[in-house]
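Subject: Structure handover

Hello,

Here is the structure I promised to pass on to you. Please have it open while you read, as my notes follow below.

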Amino acid sequence: HSPLQPPPSLPEKKNAPFLRASSCPLLVGGSLDLRDEEMEGYYWTQFGVLAVLCTVMEFQKFTQKEKTQMPSSFVNFRNNYLLVYSLMMAGDWLQGPYVYALYQHYGYTTGDIGKLFIAGFGSSMIFGTVVGSMADKHGRKAAALVYVVTYIASCVTKHWSDYYVLMLGRFFGGIATSLLFTVFESWLVAEHFKRGYEADWLDKTFSKAIFLGNGLVSIVSGLVANYLVTDMSLGPVAPFDAATCFLAIGGAIIFLTWSENTGDVVENANLQQSFSTAYNAIFSDKKIFYLGAMQSLFEASMYSFVFLWTPALSPNGEDIPHGMIFATMMVACMIGSSMSSRLMARTDLRVEKYMQSVFLISACSLSIPVFIKTFELGSGGYKGGPITFEGKLQLFGFLVFEFMVGIFWPSMMKMRAQYVPEDVRSTVMNFFRIPLNLFVCVILYNVALFPLSAMFGMCTLFLCASAFLQRKLELITANKLPA
């Protein structure tokens with residue numbers, strides 16, 4: 001389940017992307033619901049403006065000539081990675097909207113489904129670190145192929161309604177998620193420098209990967225999944241079968257075209273020694289510790305947001321187009337990733353500097369629901385009605401947050417490439433994900449105990465803490481810059 005996928009709540013909305021006249025209790029038969037049309041126009045306008053802005057930004061980058069001519073060998077290498085990464089992300093995104101719906105289709109209760117999700121995050125937390133360490137020792141290409149096999153195995157289990165088979169699928173899915181967010185990046189960084197390419201070129205690859213994999217591919221995958229289930233009436237298992245095809249194609253490309261690389265590990269180092277090396281790297285080097293803490297805090301806020309945005313925008317059961325809003329958020333994320341490449345290209349602006357603003361603006365954007373609750377600004381929406389004014393205000397904040405997410409990913413990748421040691425890169429990156437997975441398990445288990453405003457308040461505090469740690473990182477790295 002990818003960090004930006006739409007929340008599992010209200011799966012029936014997935015097939016109703018626009019407001020319906022029949023949903024408004026105040027209508028009389030045969031009357032034209034102008035408000036519904038206005039709302040549909042509101043969502044389309046929002047999506048259209050952002051889509052045009054995104055297109056313009058990308059077109060500008062396309063028409064600008066590179067300061068240094070990139071050799072064709074690098075362009076081929078980059079395009080190969082971007083193709084593989086997009087296929088791997090498609091395999092992940094296709095599943096997202098229908099995981100919860102499939103479990104409901106099999107007749108499981110919310111409590112049962114919650115346990116399945118907890119099993120996935122728990123598996124990622126416990127076994128992710130082990131497979132990350134094995135990737136550093138035995139090879140990142142091999143680990144990437146393990147990702148393909150485990151995620152396909154997870155998809156195949158969806159054909160059975162047996163609870164324990166589905167639990168096994170979540171176990172495989174948890175391992176696969178850990179590999180997706182660590183080994184591909186580790187392989188890219190090591191291979192990039194092994195081939196002698198310039199460090200600045202890596203930043204552009206990161207930005208393009210996020211633009212495609214976390215932006216464009218997510219929107220297309222959502223449309224494809226919806227088409228398979230709704231228009232072709234193939235049932236909720238169909239997106240998982242489609243994901244299997246994309247993963248298999250990506251796996252074949254990896255097998256045939258990728259070369260193997262490992263971390264600079266000591267010969268015959270065992271798993272315990274790899275863990276020990278990674279642990280010492282994190283707690284003896286403040287740069288790595290701050291980086292890991294920032295990543296955990298930001299991603300904890302991001303994962304919480306995935307579960308919170310639907311109830312925040314429709315607290316009284318207002319009829320909102322989940323698919324359209326999700327697509328708009330993804331476009332905002334794409335604009336952020338496009339902006340990140342511009343920021344990283346500037347020689348007068350360090351990543352450690354501008355990321356402080358990214359964290360603070362993110363904190364402000366997720367604090368809007370807290371202010372609305374504190375000052376009781378609610379204007380009384382109703383079930384089946386249109387989104388309220390405060391809902392629109394929060395949606396604006398959420399789009400700003402997604403824009404910041406788009407900047408966060410490539411920028412964090414750049415800092416990891418700079419500060420995380422090559423010999424234990426995958427292991428350290430999976431260590432960073434332990435507190436995140438633990439936090440998400442706790443939140444999923446206790447989600448009904450906390451009011452929405454308290455959850456958003458907690459996210460705001462996490463993001464402020466990230467800004468503080470980023471400032472500390474800037475201070476300790478500024479003194480070590482070359483004159």
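**The second largest cavity**

Helix α8 gives the most to the lining of the second largest cavity, with four residues. Before going further, a word on the source: this is a predicted model, in which local features need pLDDT of at least 70 and side-chain atom pairs count only at pLDDT 80 or more, while totals for chains, interfaces and linings use all residues. Residues are numbered from 1 along each chain as its sequence is written, and side-chain values use heavy atoms, with hydrogens and water left out.

A cavity here is a set of points, on a 1 Å grid over the protein atoms alone, where a 1.4 Å probe fits but cannot get out; lining residues have an atom within 4 Å of a point. Grid points are joined across faces, edges and corners, and the volume is the space filled by probe spheres set on the points. Two cavities of 30 Å³ or more turn up in this way. The second largest has a volume of about 150 Å³. Its lining is made of 19 residues, and L180, F181, E185, M413 and R416 lie nearest its centre. At least two lining residues come from each of α2 (72-93), α7 (183-194), α8, α11, α15 and α16. Helices, for this purpose, are DSSP runs of H or I with at least four residues, strands are runs of E with at least two, and both are numbered from the N terminus.

**The protein as a whole**

The protein has 17 helices and zero strands. Of its 483 residues, 57% count as buried, where buried means under 20% relative accessible area, exposed over 50%, and partly exposed in between (1.4 Å probe, protein chains only). About 20300 Å² is exposed, and carbon and sulfur atoms supply 66% of that; the areas come from the Shrake-Rupley method with a 1.4 Å probe, and for residues only the protein chains shown count as cover. Among contacts (heavy atoms within 4.5 Å) with a separation of 6 or more, 87% are between residues 24 or more positions apart.

On confidence, pLDDT is the predictor's own score for each residue, from 0 to 100. Its mean over the protein is 82, and 87% of the residues reach 70 or more. Please note residues 1-32, where pLDDT stays under 50 and for which the model has 90 contacts beyond four places in sequence.

**Salt bridges**

A salt bridge is counted when a side-chain nitrogen of Lys or Arg is within 4 Å of a carboxyl oxygen of Asp or Glu. The count comes to 10.

Let me start with D203 and K414, whose side chains meet at 2.8 Å, N to O. This pair links distant parts of the chain, with D203 in helix α8 (residues 199-231) and K414 in helix α15 (residues 389-419), 211 residues apart. D203 is buried at 8% relative accessible area, and K414 also counts as buried, at 16%.

E299 and R433 form another salt bridge, with the closest N and O atoms 3.5 Å apart. Since E299 belongs to helix α11 (residues 286-313) and R433 to helix α16 (residues 425-446), the pair ties together parts that are 134 residues apart in sequence. Both residues are buried, E299 with a relative accessible area of 2%. Leaving out residues up to four places away in sequence, E299 touches F408, W409, R433 and L436.

E191, K194 and R195 are linked in a network of salt bridges. Within this network, E191 and R195 meet at 3.1 Å, N to O. E191 counts as buried at 2% relative accessibility, whereas R195 counts as partly exposed at 38%.

**Two loop residues**

T182 sits in the loop between α6 (163-180) and α7, and is buried with a relative accessible area of 0%. Apart from neighbours within four places in sequence, T182 is in contact with S426, M429, N430 and R433. T182 and N430 are 248 residues apart in sequence, yet 6.8 Å apart in space, C-alpha to C-alpha.

S233 is in the loop between α8 and α9 (238-257). Phi of S233 is near 50°, a positive value in a residue other than glycine. At 57% relative accessibility, S233 counts as exposed.

Best wishes

How values were computed: 1 Å grid on protein atoms, 1.4 Å probe; cavity = no way out; pocket = protein on both sides within 12 Å on 5 of 7 lines; lining within 4 Å.
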